[in-house]
Amino acid sequence: MSRIPQPRNILSLSGEEKRKFLDSFEYVFSDIDGVVWNVANIIEGSGEGFNALRDAGKKLTFITNNSVRPEEQCLEKLKKVNIEIDANDLIHPSKSIIEYLKSIKFEGLIYAIASESIKNALRKEGFQIIDGPHAIIEESFRDLMGVVVSRDPVKAVVIDFDFNLTMTTMMRAHFYLRRPDCMLIGGASDYALPVTKDLSVLGPGGFLKVLEDASRKQMLLFGKPGKALADSLLKRYSISDPSRALMIGDMLDQDIRFGKLCGFQTLLVLSGGVKLDELLQQTDENVIPNYYANSMHDFVEFINDVKKSHA
């Protein structure tokens, strides 16, 4: 039986190991929620940690599964913690979905189970969107069929995080997906959403899985850990050697699995949805990171240690 690899704490590395690790990557791809901030507050020292990496010559790109917050608001909030990036270096499901639809010259009607932010972004790019039904119906199958069955010529179903998802919207999506030419496209697939370090709530991932299983269609997933997103990312940044990139995140199934899928080195921060004992109990090599840190602030000490070893 092969030995399960154990992740290394970046601050426990020797001086030479720290230097080699720092020199081993050029690109840093990072999640945001649970790494820079959570729902309740900014994670202390996160901005300083990312700026320490940038000062060390690393190129920063943020990849979030959260398309509920409009891109402009996300960039402004990053700026408030002294992380300034170009909009091109912020990747999220609505942007990736739009880029894909444009790349295939998609024309047709889209049925969306998603936030207003995603729907507005799609409309802004000229795509035709329908949604709903939003009304509460009587508990009768006649009324149910009246809102589920539709003749709208839908060519794609897009599902992401929707605060108002209902059984009837899922059933209507499934009805459209009966058509052979209707695509299934997904965004955020998180099964849990960290609110604080000690509290997580149900995420949209289960609903995406239900729709994929019920429709028997393979979903094009443009949220982490989707292969469609991985292919798009590697192409966008022309990454010829994925091992020269580091993926940072706070979730094993989304961030670390995605980094492994891309062929990146991986690092988990314990400031979000995973505790240390949970990490150390993992047996699935696809979600075990190469390294871990308590939070991004550890990179300040880490890089200072590297500088001292060179002095």
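**Aromatic contacts, sheet order and the surroundings of K224**

The structure holds 13 aromatic pairs. In one of them, F175 and Y176 place their ring centres 6.3 Å apart with an angle of 65° between the planes, and the pair is therefore classed as edge-to-face, for which the planes must be over 60 degrees apart. The model is a predicted one, and the values reported here are computed from it. Both members of this pair are buried: F175 has a relative accessibility of 17%, and the relative accessible area of Y176 is 0%. Since the cut-off for burial is under 20%, F175 falls within the buried class because its value is 17%.

A single aromatic cluster is formed by F21, F25, Y291, F299 and F302. One of its members, F25, also takes part in a contact with a charged residue, as K58 lies over the face of the F25 ring at 4.7 Å from the ring centre. A second arrangement of this kind involves W37, with the charged end of K77 positioned over the ring at 4.4 Å from its centre.

With regard to secondary structure, an open sheet is built from 5 strands in the order β6-β5-β7-β8-β11, with parallel pairing. Its edges are occupied by β6 (128–130) and β11, each of which pairs on one side only. Within the sheet, β5 (residues 109–113) and β7 (residues 154–159) run parallel and are joined by 5 bridges; L109 has V154 of β7 as its bridge partner. Helix α4 spans residues 93–103, and its buried residues include P93, S94, K95, S96, I97, I98 and L101. After α4 comes K105, which has a positive phi near 55°.

The edge strand β11 (220–221) also delimits the loop that carries K224, which extends between this strand and helix α9 (227–236). In the UniProt record, an unreviewed entry, K224 is annotated with the feature "binding site". The residue is classed as buried because its relative accessibility is 1%, under the 20% cut-off. Neighbours within four places in sequence being set aside, the contacts of K224 comprise D31, I63, T64, N65, S189, L229, M247, Q254, D255 and F258. For I63, the contact includes a polar component: a polar atom of the K224 side chain lies 2.9 Å from the backbone oxygen of I63. Thus the annotated lysine, K224, is both buried and in contact with residues that include L229.

Terms used:
Residues are numbered from 1 along each chain as its sequence is written. This is a predicted model: local features need pLDDT of at least 70, side-chain atom pairs count only at pLDDT 80 or more; totals for chains, interfaces and linings use all residues. Side-chain values use heavy atoms; hydrogens and water are left out. UniProt positions are given in the numbering used here, feature names are shortened, and annotations may be inferred rather than shown by experiment. Helices (H or I, at least four residues) and strands (E, at least two) are DSSP runs, numbered from the N terminus. Buried means under 20% relative accessible area, exposed over 50%, partly exposed in between (1.4 Å probe, protein chains only). Contact means heavy atoms within 4.5 Å. A polar contact is a pair of N or O atoms within 3.5 Å; within protein, one must be able to donate a hydrogen and the other to accept it, and residues adjacent in sequence count only if both atoms are side-chain atoms. Two strands pair if DSSP finds at least two bridges between them. Rings of Phe, Tyr and Trp (its six-membered ring) pair if their centres lie within 6.5 Å; planes under 30 degrees apart count as stacked, over 60 as edge-to-face and the rest as tilted. A charge sits over a ring if NZ of Lys or CZ of Arg is within 6 Å of the ring centre and within 35 degrees of the ring normal.
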